[in-house]
Amino acid sequence: MKVILSLTLFILISTTGFSQFKKKPNNTLPKPKPSQQNKFLEKQWWLGFKAGTNFAQAKPIQAYTVMVPTNYAAALNAKSYDSFLKTGSQATLEATFYFKGFSFSVQPTYRHTRFTYFNQFRWYNTENSAETLELRYDQEQKLDYADFPLFIKYDILHDKIRPYVQVGIFYSMLINANKAVKISGTDYASGGTNQFANEAIIVGAKDLFENYWGLAAGIGVNYNLGNVRVVLDASYWKGMRNITNTKNRFGNDRLAGIGDAQDDIDLNNIVISAGVLFPMRFLSSNFKTLDR
Amino acid sequence: MRYIFLFALLVVLGCSNDSDPAADKASFTRIYDNNKFNAAYYPIDIKQTPDGGYLILGGRRLENSNFAGIYLLKVDAFGGFVSEVEVDDELVAPIGPLMLNNNNYYFFCMTNVGLQTQLVRVDGDGLITDQFAVGNSYPAAAAADGNNFLLQSYNHVDKRSVVSVVSPTGSVSSSKEFSIGAGDAVEEPIINHFLQTSKKLPFLVGKVGNTYYFNGFYNYTLSLAFTNLSADEPQGIVQGQQDDGGISQAVPLDGGKFALARFNFGDNYFLPSATVSTSGISSSSDLGGNPLPELTPNASVKILRTTINARNVVLYASDTRSKQIALLGMTRPPEHS
């Protein structure tokens, strides 16, 4: 179903985008001949950079565990993921081609993203409540990606403030990954109620993940400041591929030893960026490229 | 152009990395957890069953016995929990391996009160289907021998190490007993081994050609002894140092050689192709070998004959002082037809 929806969406995108290149028969009244300046403004190249923050959501496709309960429900140990809670960051180079209200934009990005989850275990004696041990495993996952998104934007207004909508596709190449696991708990069995927290275990986890791709949609606004364009946009990036290396989910000895196995995960992000774009085409040194 | 774009999209979609059951079966790590605070389990042997799952024989702590209880766990091909059996504590002290015979799995244990050896039959689902009284006490080591089983046990009444050939119905077709020596001192480490209050002794039993061998106590010392189960005395003996030295694992190779591991007052030595005299008396300390100071003192050792990348190898597995598993592979001499 996911694949069908994706395919349908992209057929629509591609149809919309490439239809701009078609020459339509002119069977209506002849349009007034555009002035040289208006004709010039129909096309523009923009180059720039932007940066911002992102919030990740790790959505389990299938859960995996090292700890297998034999006399209690597995749900008691289930992992609980946060959702759009941890902030990450990203930096983007943007190259955009504007043509008659539509823009085709390539935005290579370095993205650092984080998400967390935790699970808990409890061992106890029904005949002696003092014989109880509780453990909590807090896991923070940090992932670095090189993203290669391709966006199609449509400018809703063509004034100095130009809001737009955008849809796109991206491919994300894994650069680095590591995982920090903090173990804390309460020991009721050693006399009293003793809470403890161990130093976080930090391990390289690049082998646990793979590249992935996804779809993106969002909104933004351009503000023309002289010949410079200030941009602010927010988009939702939906991962369409499991980011986990399925062959290596148990491959890290230290993580397996503390009972952690990598779930199959779709990674979604809310990406918010701000930046500046510079026009590449000028009529003259004092020509305002956008302000008609 | 549009078709190129759509084609690229289809290629990307085709590269999806959804869950991979084959990979999930090929490699997994599981810790089977019981949330009872006082429960304790340990594994003895694991066998893959015809349904792709696994049958695990284990021991468990008993509240009312100094011996270990019996635990059977059945898991599926992905390591998922299927069922468990905490065998009634009338049966204790299980020993491996799980021995396959006619699609059933067998292991030895003994009764908690009479200390009589029992042969237990388990089906592929981990359920006990039958139990046979064998008669000897204190089962110490076992091995499959064709359609029969070899059993080394300890006769605490006469203070003798016993080697027996046992059928799948528990009847003993041949057996021989060898004195461990007089006095309680020599028996003490044996009993402590069963009570798990001291170091575990590397009891083992097997057969090479028509000769049976066992690693057990004989004449006051832990010895690798060779017997034809007819003569009253072993034909060959590789003596250790009471319970402080001896053979910790032995797997026969071709040409009368053995892949051995031995220990001596805490030190460990591997001998991947040792010539062992199956007649006369020799000393394990004279065998030499490659010292492995990384291993825990008197380490438990497993030896596997196998083939890796078309090479015949002997694979050693043991525990290191830093609580890791050490694997050492050595090329095996070519087999003779």
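This report covers confidence and content in chain A, then the core, a hairpin, a helix and unusual backbone angles in chain B.

**Chain A**

The model is predicted. In chain A the mean pLDDT is 87, and 82% of the residues reach 70 or more. Confidence varies along the chain. Strand β13 of chain A (residues 264–279) has the highest value, at 97, while helix α1 of chain A (residues 2–18) has the lowest, at a mean of 45. Residues 1–5 of chain A stay under 50, and the model gives them two contacts beyond four places in sequence. The pLDDT is also below 50 over residues 7–26 of chain A; that stretch has 16 contacts in the model beyond near neighbours in sequence.

Chain A holds three helices and 13 strands. Of its 292 residues, 28% are buried. Take the contacts in chain A with a separation of 6 or more: 72% of them link residues 24 or more positions apart.

**The nonpolar cores**

In soluble globular proteins, nonpolar side chains tend to be buried together. Here the largest nonpolar core has 74 residues, and B:Phe107 and B:Ala142 touch the most other members. Strand β7 of chain B (residues 104–111) gives the most to this core, with six residues. Another core, of 21 residues, lies apart from it; A:Leu208, A:Phe209, A:Ala216 and A:Ile243 are among its members.

What does B:Ala142 touch, leaving out residues up to four places away in sequence? Its partners are B:Ile95, B:Pro97, B:Met99, B:Phe108, B:Phe149, B:Leu150, B:Leu151 and B:Val205.

**The β6–β7 hairpin of chain B**

B:Pro97 has its place in strand β6 of chain B. This strand runs antiparallel to β7(B), and six bridges join the two. B:Met99 stands opposite B:Tyr106 of β7(B). Two residues lie between the strands of this hairpin.

The peptide bond between B:Gly96 and B:Pro97 is cis, with omega at about 0°. Most peptide bonds are trans, and most residues other than glycine have a negative phi.

**Helix α3 of chain B**

Which residues of helix α3 (residues 188–195) of chain B are buried? They are B:Ile190, B:His193 and B:Phe194. These three lie on the same side of α3(B), because they cover an arc of only 95° around the axis. An α-helix has 3.6 residues a turn, so residues three or four places apart point the same way. The buried residues of α3(B) pack against three strands of chain B: β6 (91–101), β11 (148–155) and β15 (211–218).

**Positive phi angles in chain B**

Four residues with a positive phi are listed here.

| Residue | Phi | Place |
|---|---|---|
| B:Ala93 | about 50° | strand β6 of chain B |
| B:Asn102 | near 50° | hairpin of β6(B) and β7(B) |
| B:Gln196 | about 60° | just after α3(B) |
| B:Gln242 | about 50° | loop between β17 (236–239) and β18 (245–252) of chain B |

Is B:Ala93 buried or exposed? B:Ala93 counts as buried, because it has 27 C-beta neighbours inside 10 Å. B:Gln242 has 15 other C-beta atoms within 10 Å, so it is partly exposed. Neither B:Ala93 nor B:Gln242 is a glycine.

Technical notes:
Residues are numbered from 1 along each chain as its sequence is written. Chains are lettered from A and ligands numbered from 1 in the order in which they are written. This is a predicted model: local features need pLDDT of at least 70, side-chain atom pairs count only at pLDDT 80 or more; totals for chains, interfaces and linings use all residues. A residue is buried if 20 or more other C-beta atoms lie within 10 Å of its own, exposed if 12 or fewer, and partly exposed in between; C-beta atoms are placed from the backbone. Helices (H or I, at least four residues) and strands (E, at least two) are DSSP runs, numbered from the N terminus. The arc is that of the directions from the helix axis to the C-beta atoms. Two residues are in contact if their C-beta atoms, placed from the backbone, lie within 7 Å. A nonpolar core is a set of buried Ala, Val, Leu, Ile, Met, Phe, Trp, Tyr and Cys residues joined through C-beta atoms within 7 Å. Two strands pair if DSSP finds at least two bridges between them. pLDDT is the predictor's confidence in each residue, from 0 to 100.
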